[in-house]
Amino acid sequence: MDYRSALRQRTGVGEYVHRLAGALVPVLPAGDTLTLFSSSWKDRLPPGAVPGAKRIDARVPVTLLNLAWHRLEWPPAEWFAGPVDITQSMHPLLLPSRRAARFVMVHDLYFLDRPEHTSSEIRRDYAALAASHAGRADGVLVPSEYTKAQVHERLGVDRERLIVCSPGAPDWPRRDEPQHPGPILFVGTIEPRKNVTGLLRAYGELIARNPDAPPLVMAGRMVGQYLTDLRGTIGLQAVIDRAQWLGYVSDERRLELYRAASMLVIPSFNEGFGLPVLEAMTLGVPVVASNRGSLPEVVGDAGSLVDPDDHSGLAAAMNRVLEDPAERRRMADAGVLRARSYSWDLAARRLRDAYAAAAATGRRT
């Protein structure tokens, strides 16, 4: 299993890889082993990153290896690991192997919709190669039914090879509701796809109608010079200065932020799942989210869903959470109940069964 996205600061994909690996180890059949693969010139994969899993910590620059794997489909996994039955990539492109069944993961198809908002490596390889690689894979993991439908329709992958492995809810107890309105919280990478500009505009409208509204707290790693670009946007300077920009936060700090928050706001243009939404619902934090992508599937009736381009509607939804105690309690109760349907154990068992079927039938191509 390619563990590289979880090697350093774990964002949504890295958290998914780490938690799925941890859930997979105890459900594997006796004698089977999960091996985590990492490659980096400077960052090392520590022992015990996932208890019970083996590890391969290759001192190979990640950009060089990705170029060889994506474009040449070489070197094979056996060079690093010896004989293997399954290779698991955690993105849409194959992890090469001589004989093993090969699985890939498609979190979303944003790289097709807005390639200009992705990294140079993703722009170079994903749009050109994803359909071919996913089409040859023995199994394609997706985090939601929404993404499953998208991959079937747009990449042409047969439905029977698509495995929905949704993230599981964390084992956090429900919080006590704060006595006073806590911060309005955003959790996620600070990048264009998250509609940060729309959130800032909506928050500006909120404080114009409700000057005592709590602060906006932005928790997440900044992509490139995006904040600098935002500061150049007309009308956002005062709101940017009022917001609190925390950068990447640890697991412990993220939990503290959720426990104190008045709500979580995720106004993304597209999400393959939206893990912060599930984390917030687990604790009973009200959720205001976009009505696009997988978010309606995950949130259901447990939160407020708004068109991400409707800044006034987003501001009104946030204000309703602040001013309507009955609605806050309803959202909290419904969120806790909904979060219970998401389990890492269920995701791991689905994946284990797909691996077993592929190993029994042999590699497709």
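This report describes the sheets, a helix contact, the enclosed and open spaces and one loop of a predicted model.

**Sheets**

Four strands form an open sheet in the order β3-β4-β5-β6, and their pairing is parallel. The edges are held by β3 and β6 (162–164); each has a single partner strand, so one side of each is left without a neighbour in the sheet. On average, neighbouring strands in this sheet are turned by 25° against each other, direction ignored. Within the sheet, β4 (residues 101–105) pairs with β5 (residues 139–142) in the parallel sense, over three bridges. Phe 103 has Gly 139 of β5 standing opposite.

Another open sheet has six strands, in the order β9-β8-β7-β10-β11-β12, again with parallel pairing. Here β9 (244–247) and β12 (304–306) are the edge strands; because each has a single partner strand, one side of each is left without a neighbour in the sheet. The average turn between neighbouring strands of this sheet is 20°, direction ignored. Strand β7 (residues 184–187) and strand β10 (residues 263–266) run parallel and are joined by two bridges. Ile 184 has Met 263 in β10 as its bridge partner.

Helix α10 (residues 251–260) packs on the six-stranded sheet and touches β7, β8 (216–219), β9 and β10. The direction of α10 makes about 145° with that of β7. Helix α11 (residues 275–283) lies across β7, β10 and β11 (287–290). The angle between α11 and β10 is about 165°.

**Contact of α1 with α15**

Helix α1 (residues 12–24) and helix α15 (residues 344–361) have axes that come within 8 Å and cross at roughly 75°. Angles of 65 to 115 degrees count as roughly perpendicular, and so α1 is roughly perpendicular to α15. On the α1 side, the contact is made by Tyr 16, Arg 19, Leu 20, Ala 23 and Leu 24. On the α15 side, Trp 344, Asp 345, Ala 347, Ala 348, Leu 351, Arg 352 and Tyr 355 take part. By class, the residues of this contact are nine nonpolar, no polar and three charged.

**Pocket and cavity**

Helix α15 also takes part in lining the second largest pocket, to which it gives the most, with four residues. The volume of this pocket is about 680 Å³. The pocket is lined by 28 residues, of which Thr 33, Leu 34, Val 84, Asp 85 and Ile 86 are the closest to its centre. Two or more lining residues come from each of β1 (35–39), β2 (54–58), α3 (78–81), β3 (86–88) and α15. Strand β3 is thus part of this lining and an edge strand of the four-stranded sheet.

One cavity of 30 Å³ or more is found in a search of the whole structure. The largest cavity holds about 40 Å³ of space. Its lining consists of Asp 108, Leu 109, Asp 113, Tyr 146, Thr 147, Gln 150, Arg 154 and Asn 270. Helix α6 (residues 145–155) supplies the largest share of that lining, four residues.

The table sets out the two linings by residue class.

| Space | Volume | Nonpolar residues | Polar residues | Charged residues |
|---|---|---|---|---|
| Second largest pocket | about 680 Å³ | 19 nonpolar | five polar | four charged |
| Largest cavity | about 40 Å³ | two nonpolar | three polar | three charged |

**Loop between α2 and α3**

Two backbone features fall in the loop between α2 (62–72) and α3. Glu 73 is placed in this loop, and so is Pro 75. The phi of Glu 73 is near 50°, a positive value in a residue other than glycine. Trp 74 and Pro 75 are joined by a cis peptide bond, with omega about 0°. Most residues other than glycine have a negative phi, and most peptide bonds are trans. Helix α3, at one end of this loop, is also one of the elements that give two or more residues to the lining of the second largest pocket.

Methods:
Residues are numbered from 1 along each chain as its sequence is written. This is a predicted model: local features need pLDDT of at least 70, side-chain atom pairs count only at pLDDT 80 or more; totals for chains, interfaces and linings use all residues. Side-chain values use heavy atoms; hydrogens and water are left out. Axes are lines fitted to C-alpha atoms, for helices over the stretch in contact, and angles run from 0 to 180 degrees between N-to-C directions. Angles under 35 degrees count as roughly parallel, over 145 as roughly antiparallel, 65 to 115 as roughly perpendicular and the rest as oblique. Contact means heavy atoms within 4.5 Å. Ala, Val, Leu, Ile, Met, Phe, Trp, Tyr, Cys and Pro count as nonpolar, Asp, Glu, Lys and Arg as charged, and the others, Gly among them, as polar. On a 1 Å grid over the protein atoms alone, a cavity is a set of points where a 1.4 Å probe fits but cannot get out, and a pocket is an open set with protein on both sides within 12 Å along at least five of seven lines; lining residues have an atom within 4 Å of a point. Grid points are joined across faces, edges and corners, and a volume is the space filled by probe spheres set on the points. Two strands pair if DSSP finds at least two bridges between them.
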